[in-house]
Amino acid sequence: MAQDLQPIHVARRRCAGECPMHNHPRPLTSTVDAPRRDVAGSCPECGAAALSSYRVISEGGWWNVVKCTRCLASASREPAPMFGAFMPLGAPR
Ligand SMILES: [Zn+2]
């Protein structure tokens, strides 16, 4: 019974390449963040040349957005994969 309460990452180590399960090791940093990519162009609201592309979670799930890093206005917003970076086995693509 106590074995069922172990953290999931401990239970998955037992599979060691024999079962098709995900492996999500603990991050090496104290915080995690999404990578941002600079985008050419200017903000539709404030005009700053400070657009950045990254993934966010918001109402309706994950979104790939291009936002102004100065005023946070959205230049574009498109649906991202249903579970973000996590791809569960058997999930629709
Ligand atoms: Zn702006």
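Author: Let's start with pairing: two strands pair if DSSP finds at least two bridges between them. Strands themselves are DSSP runs of E, at least two residues long, while helices are runs of H or I of at least four, and both are numbered from the N terminus. Keep in mind that this is a predicted model, where local features need pLDDT of at least 70, side-chain atom pairs count only at pLDDT 80 or more, and totals for chains, interfaces and linings use all residues. Residues are numbered from 1 along each chain as its sequence is written.

Reader: Fine, so how many bridges join S2 to strand S3?

Author: Eight, and the two strands run antiparallel, with S3 covering residues 61–68. One of the pairs to look at is Ser52, whose bridge partner in S3 is Lys67. The hairpin of S2 and S3 has two residues between the strands, and Gly60 takes a positive phi near 95 degrees there.

Reader: And on the S1 side, which residues are partners?

Author: S1 and S2 (residues 51–58) also run antiparallel, joined by three bridges. Arg37 has Ser53 as its bridge partner in S2, and Val39 stands opposite Leu51.

Reader: In what order do the strands form the sheet?

Author: S1-S2-S3-S4, an open sheet with antiparallel pairing. S1 (37–39) and S4 (74–79) stand at the edges with a single partner strand each, so one side of each is left without a neighbour in the sheet. On average, neighbouring strands are turned by 35 degrees against each other, direction ignored; the axes behind that angle are lines fitted to C-alpha atoms, for helices over the stretch in contact, and angles run from 0 to 180 degrees between N-to-C directions.

Reader: What pattern does the protein follow along the sequence?

Author: It's α-β-β-β-β, with one helix and four strands.

Reader: Now burial. Is Ser42 exposed, partly exposed or buried?

Author: The general idea is to count other C-beta atoms, placed from the backbone, within 10 Å of the residue's own: 20 or more is buried, 12 or fewer exposed, and in between partly exposed. Ser42 counts as partly exposed because it has 13 such neighbours. Across the protein, buried residues make up 4% of the 93 residues.

Reader: Where does Ser42 lie, and what is it in contact with?

Author: Ser42 lies in the loop between S1 and S2. Contact means C-beta atoms, placed from the backbone, within 7 Å. Leaving aside neighbours within four places in sequence, Ser42 is in contact with Gly47, Ala48 and Ala49. Its C-alpha atom is separated by 8.8 Å from that of Ala75, 33 residues apart along the chain.

Conventions: Two residues are in contact if their C-beta atoms, placed from the backbone, lie within 7 Å.
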